[in-house]
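Here's a quick tour of one chain, meant to be read with the coordinates open in your viewer. We'll go from the outside to the core, then stop at some backbone oddities.

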Amino acid sequence: MITKRDLLGSAALALTATMAKADIVSPPVIEQNSVEWPSLFEAKDIAEEGFIYGLPLVMYYAVMQEFAVDRNSGQFKAPFNEIKNLNHVATPADTAIITPNSDTPYSFIWLDLRAEPMVISVPAIEKDRYYSVQLIDGNTYNFGYIGTRATGTEPGDYLVVGPDWKGGTPAGIKRVFSSTTPFPLAIFRTQLFNPGDMPNVEKIQAGYKGQPLSAFLKQPAPPAAPKIDFVPASTAGIRHNFFEYLDAALQFVPETARDKAVRAKLAKIGIGPAKTFAFKDLSFEHKAEILVAMKQGNGKVDKWLAGGNKNINGWNIGSFFGDEAFYNSDWVMRAGSAKGGLLGNDAVEAMYPYTRTDATGEALDGSKYKYTITFAPGQLPPVNAFWSVTMYDGKSQFLVKNPINRYLINSPMLSGMKKDADGSLTLYIQKDSPGADKEANWLPAPDDKIYLVMRLYWPKPTQPSILPAGAGTWQPPGVKRV
């Protein structure tokens with residue numbers, strides 16, 4: 001769970017006072033790249049809706065560029081259709097994806113399904129080790145799962161097909177997963193029990209495989225898909241190049257019945273397949289309105305993030321991620337989910353309670369206060385796999401550098417932690433060590449704003465449970481100020 005949380009919140013601050021004056025009312029209709037633009041205020045409304053609709057697509061496209069296209073991005077993993085295994089968990093150096101999971105070493109394969117489908121193969125994995133393969137497409141829809149919860153721990157071969165695939169299920173394939181876009185991503189998460197367990201994880205990762213269907217069937221390969229000169233993009237550049245990036249991303253996101261209307265509106269301002277948007281070519285007045293539209297759209301997304309879920313003891317709890325039917329054209333919800341934590345799991349796979357406040361509603365600030373989280377006896381998060389509490393910088397949503405290189409506390413660490421006299425478990429959330437006798441339970445905080453995310457992997461479906469999201473009988477304890 002790709003840019004900073006306040007990614008575009010200040011985009012319109014670049015406007016001058018002149019731009020904000022109400023006497024800018026009726027500029028002439030202009031032409032941009034042979035597209036006759038609508039009126040000023042219609043263009044603004046389209047841009048606002050387009051920002052909300054397009055934010056997840058742009059974030060996904062930018063990460064794809066950094067992970068699979070631009071070898072000099074600093075975040076490059078591997079070219080399309082090649083698996084990259086990371087033999088470590090996320091650290092503060094990982095800045096392409098906000099709120100990165102530091103529980104499980106990742107493996108990535110960004111798929112190019114234009115020429116033919118790809119086969120993802122997994123080895124046998126011990127029953128007490130959680131793993132998952134999450135399939136996400138360019139719409140940021142989770143369109144399938146392989147793993148402990150979804151398919152078990154037996155070895156298997158699974159087919160991932162693009163939007164134009166018309167074939168059946170080949171022999172030897174356990175299941176077919178269909179992507180709405182030609183460049184989906186498969187994210188592998190493999191549970192790490194402790195630092196010494198890394199060699200075991202590496203053996204499992206070595207068994208993950210991705211190959212074209214023709215290679216799997218030992219048949220001649222079809223003609224290769226044409227090379228694409230992708231419009232360069234970066235997560236850092238989203239704020240200043242949003243609509244150029246959206247125009248580029250839409251070339252690879254086929255239109256559906258659900259987004260046909262908004263895509264038609266975007267075409268009016270030169271955004272979409274066979275069009276080329278260039279912000280620099282717009283009139284002064286249209287630039288001003290576009291920036292205002294982005295700010296207003298971003299405000300709506302933030303409003304959803306603040307209220308689109310249930311507040312329980314200061315934690316925000318909801319079901320944020322899913323497939324196309326899950327979002328059902330709710331573009332604000334989809335944008336809020338992406339901004340809150342791009343590439344997150346379905347609720348049945350993982351739940352993500354998060355908070356920026358203590359139990360009283362006051363903002364968490366490591367520069368001012370110390371905090372505790374206490375799980376009462378028998379009230380640890382109810383999961384079939386494992387749980388964690390991860391610390392992030394409240395501004396960037398990246399992991400926090402600290403003297404003991406500890407970015408989270410999770411259930412595999414319980415044996416080394418100290419229980420309270422009554423059997424409860426207290427976590428110490430502060431920037432300085434709470435003392436040698438409590439350091440095993442210390443989650444280091446930044447000397448600034450705090451963002452905490454709790455992860456419950458494979459939450460138990462029966463009560464006590466956090467499911468249904470926000471309505472289960474188990475509730476996370478509030479963060480208390482010392």
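How much area does the chain expose, and what percentage of it do carbon and sulfur atoms supply? The exposed area comes to about 19,500 Å², and carbon and sulfur atoms supply 53% of that. Keep in mind that this is a predicted model.

**Overall build**

In secondary structure terms, you're looking at nine helices and 22 strands. The radius of gyration is 23 Å, close to the 23 Å that the globule rule gives for 482 residues, so the chain is as compact as a globular protein of that length. If you're setting up a box, the C-alpha atoms fill one of roughly 75 × 65 × 40 Å along the principal axes. Of the 482 residues, 56% count as buried.

On the charge side, there are 49 positive and 48 negative side chains. The centres of those two sets sit 3 Å apart.

**Inside the chain**

The largest nonpolar core has 76 residues, and the members that touch the most others are Trp110, Phe242, Phe243 and Leu246. Several elements each put in at least two residues: H2, strand E4 (106-110), strand E10 (185-190), helix H5 (238-250), helix H6 (260-268), helix H7 (284-307), helix H9 (331-341) and E21. Which of them gives the largest share? That's H2, with 17 residues of this core. There is also a second, separate core of 29 residues, and Val383, Trp387, Val389 and Ile429 are among its members.

**Backbone oddities**

Two peptide bonds leading into prolines are worth a look if you care about omega. The bond from Gln463 to Pro464 is cis, and so is the one from Leu467 to Pro468. Pro464 sits in the loop between strand E21 (450-457) and strand E22 (480-481), and Pro468 is found in the loop between E21 and E22 as well.

Then there are two asparagines with positive phi, neither of them a glycine, of course. Asn81 belongs to the loop between helix H2 (40-69) and strand E3 (84-85). Asn313 is in the loop that links strand E12 (310-312) and strand E13 (315-317).

Here are the angles side by side:

| Site | Angle | Value |
|---|---|---|
| Gln463 to Pro464 | omega | near 5 degrees |
| Leu467 to Pro468 | omega | near -10 degrees |
| Asn81 | phi | near 70 degrees |
| Asn313 | phi | about 55 degrees |

Are these two asparagines buried, exposed or partly exposed? Asn81 has a relative accessible area of 24%, so it is partly exposed. Asn313 is partly exposed too, because its relative accessible area is 36%.

**Two more loop residues**

Thr181 lies in the loop between strand E9 (175-178) and E10. At 1% relative accessibility, Thr181 counts as buried, since the cut-off for that is under 20%. What does its side chain have within reach? A polar atom of the Thr181 side chain lies 2.8 Å from the backbone nitrogen of Gly138.

Ala440 is in the loop between strand E19 (425-430) and strand E20 (442-444). With a relative accessible area of 25%, Ala440 is partly exposed. Its C-alpha atom is 13 Å from that of Pro403, and the two residues are 37 apart along the chain.

Note on methods
Residues are numbered from 1 along each chain as its sequence is written. This is a predicted model: local features need pLDDT of at least 70, side-chain atom pairs count only at pLDDT 80 or more; totals for chains, interfaces and linings use all residues. Side-chain values use heavy atoms; hydrogens and water are left out. Helices (H or I, at least four residues) and strands (E, at least two) are DSSP runs, numbered from the N terminus. Buried means under 20% relative accessible area, exposed over 50%, partly exposed in between (1.4 Å probe, protein chains only). The radius of gyration is taken over C-alpha atoms; the globule rule is 2.2 Å times the number of residues to the power 0.38. Accessible areas come from the Shrake-Rupley method with a 1.4 Å probe; for residues, only the protein chains shown count as cover. Lys and Arg count as positive and Asp and Glu as negative; His and the chain ends are not counted. The place of a charge is taken as NZ of Lys, CZ of Arg, CG of Asp or CD of Glu. A nonpolar core is a set of buried Ala, Val, Leu, Ile, Met, Phe, Trp, Tyr and Cys residues joined through side-chain atoms within 4.5 Å. A polar contact is a pair of N or O atoms within 3.5 Å; within protein, one must be able to donate a hydrogen and the other to accept it, and residues adjacent in sequence count only if both atoms are side-chain atoms.
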